[in-house]
Structures are given as structure tokens and as C-alpha cells.
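Open your viewer, load the model and keep the selection panel at hand. We will go from one selection to the next and look at what is there.

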Amino acid sequence: MSGPCGAGKTTLATRLAKERNLRYLSIEDFYAVFFGSESIHEHREMVWEAFSYAIKAAMLDKVDVLIDTNSPSRADREWFIKRFPNFSFHLILVQASKELCLLNNRKRERTIPEDEMEAMFKRLEPVSEDEIQNYDSVELYENKDNSGVKFVKNLK
């Protein structure tokens with residue numbers, strides 16, 4: 001999944017994981033296990049290594065996985081492709097306005113500091129036509145007004 005914090009990715013991810021019978025893995029859950037809170041983002045490399053092992057375990061179990069992270073930049077998205085070269089990848093993009101994401105962030109139990117939200121929006125890169133070729137499929141969803149994250153179209 002790729003999109004800004006507060007766009008509705010987790011809501012969509014939990015729904016799609018259930019509908020498509022996928023193993024749901026959220027990086028936020030891994031931070032919560034490591035530190036007792038998903039808001040503590042220390043020891044990033046260690047947490048992401050554990051996250052990688054969980055993804056590899058799913059491969060050994062022959063289970064498809066839905067990975068819930070924000071992955072706002074191309075480099076973030078390509079990390080998975082480089083890390084798991086023998087996997088097929090299906091990208092789910094979730095779009096929402098900056099204003100809506102900031103509003104949703106303020107309503108969360110675990111709010112992200114405004115400066116971190118601003119930094120994330122600066123790193124946000126749309127998926128280019130050449131990047132789309134890295135994926136087996138690309139689905140675009142949009143959250144316009146919190147009435148639900150809705151499917152827009154397949155980009156590939």
C-alpha cells in the first residue's frame with residue numbers, strides 16, 4: 001500500500017485482507033510489539049528486519065500478504081521489490097488531500113506530529129508510468145471526504 005498517513009490505508013487494508021483472504025501485516029503493529037506503542041519509532045532497522053522475516057514466513061506458508069505501510073516515495077516502494085526479488089507485487093495506491101489527512105491525523109488516538117506529517121507530504125511521490133511496470137497490478141483508491149475509501153481504477 002502506498003499513500004499518506006491519514007488517507008484511510010489501514011481501514012482499506014483490513015477490509016481488503018478479509019475480502020481477499022490475505023495475511024495482513026502492518027509496520028505499526030511491529031513497532032507496537034517492539035516498544036509497547038506504535039508511536040515509538042526507534043531502532044528502525046531492527047523493526048524492519050523483523051517485518052521482513054514475517055513477510056518471508058508468509059512466503060514459506062504460501063500465503064499472500066497485504067503490507068500496510070505508507071511508502072510515500074518511489075525508494076520506499078522499491079525497497080520491497082529489491083528485498084523480495086522472487087515475489088509478485090500488487091500496488092494499492094490510496095489518495096487523499098493533505099487537508100483531509102491532517103484532519104484525520106488530529107482525530108487519531110496516536111497523532112503524528114505536524115512537522116512529521118509535513119515531511120511525509122514533501123516525500124510523497126506519485127507513481128510514474130515507468131514505476132508501474134514494476135508491479136503485476138496497480139489499483140487506485142481515493143478518500144475524498146471520509147465517506148469511505150473508494151476504488152477509482154486499475155492503472156495496470
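This tour of a predicted model visits helices, a surface patch and several salt bridges.

**Stop 1: helix α5**

Start by selecting residues 98-107, which make up helix α5. Which of its residues are buried? They are Leu 100, Cys 101, Leu 102, Asn 104 and Asn 105. Now add β3 (90-96), α6 (114-123) and β4 (137-143) to the selection, and you will see what the buried residues of α5 pack against.

**Stop 2: helix α6**

Stay with α6 and show the side chains of Met 117, Met 120 and Phe 121, which are buried. Why do they lie on the same side of α6? They span an arc of only 100 degrees around the axis, and that places them on one and the same side of the helix. A rule of thumb helps here: an α-helix has 3.6 residues a turn, so residues three or four places apart point the same way. Turn the view to the other side of α6 and pick out Asp 115 and Lys 122, both exposed. Then bring back α5, which is part of what covers the buried residues of α6.

**Stop 3: a patch on the surface**

Next, select Val 33, Phe 34 and Met 46 and switch on a surface. These residues form a nonpolar patch there, with about 310 Å² of accessible area together. Val 33 belongs to helix α2 (residues 27-35). Is Val 33 buried or exposed? Val 33 has a relative accessible area of 70%, so it counts as exposed.

**Stop 4: salt bridges**

How many salt bridges are there in the model? The count comes to eleven, and a few of them make good stops.

- Select Glu 139 and Arg 20, whose side chains meet in a salt bridge at 3.0 Å, N to O. The pair links distant parts of the chain, with Glu 139 in strand β4 and Arg 20 in helix α1 (residues 9-20), 119 residues apart. Glu 139 is buried, at 10% relative accessibility, while Arg 20 is partly exposed, at 37%.
- Move on to Arg 83 and Glu 49, a salt bridge in which the closest N and O atoms are 2.5 Å apart. Arg 83 is in helix α4 (residues 74-83) and Glu 49 in helix α3 (residues 44-60), so this pair ties together parts that are 34 residues apart in sequence. Both partners are partly exposed: Arg 83 has 29% relative accessibility, and Glu 49 has 30%.
- Try Glu 142 and Lys 144, where the side chains meet in a salt bridge of 3.8 Å, N to O. Glu 142 is partly exposed at 27% relative accessibility, whereas Lys 144 is exposed at 64%.
- Finally, show Arg 74, Glu 78 and Asp 130 together to see a network of salt bridges.

**Stop 5: Asp 76**

Our last selection is Asp 76, in helix α4. With a relative accessible area of 18%, Asp 76 is buried. What does its side chain meet in a polar contact? Display Ser 73: a contact of 3.0 Å joins the side chains of Asp 76 and Ser 73. Add Ser 71 and Arg 123 as well, since Asp 76 touches both of them, leaving aside residues up to four places away in sequence.

Definitions and conventions
Residues are numbered from 1 along each chain as its sequence is written. This is a predicted model: local features need pLDDT of at least 70, side-chain atom pairs count only at pLDDT 80 or more; totals for chains, interfaces and linings use all residues. Side-chain values use heavy atoms; hydrogens and water are left out. Buried means under 20% relative accessible area, exposed over 50%, partly exposed in between (1.4 Å probe, protein chains only). Helices (H or I, at least four residues) and strands (E, at least two) are DSSP runs, numbered from the N terminus. Contact means heavy atoms within 4.5 Å. The arc is that of the directions from the helix axis to the C-beta atoms. Patches are made of residues with over 30% relative accessible area and no salt bridge: like charges are joined within 9 Å, nonpolar side chains (Val, Leu, Ile, Met, Phe, Trp, Tyr) within 5 Å. Accessible areas come from the Shrake-Rupley method with a 1.4 Å probe; for residues, only the protein chains shown count as cover. A salt bridge is a side-chain nitrogen of Lys or Arg within 4 Å of a carboxyl oxygen of Asp or Glu. A polar contact is a pair of N or O atoms within 3.5 Å; within protein, one must be able to donate a hydrogen and the other to accept it, and residues adjacent in sequence count only if both atoms are side-chain atoms.
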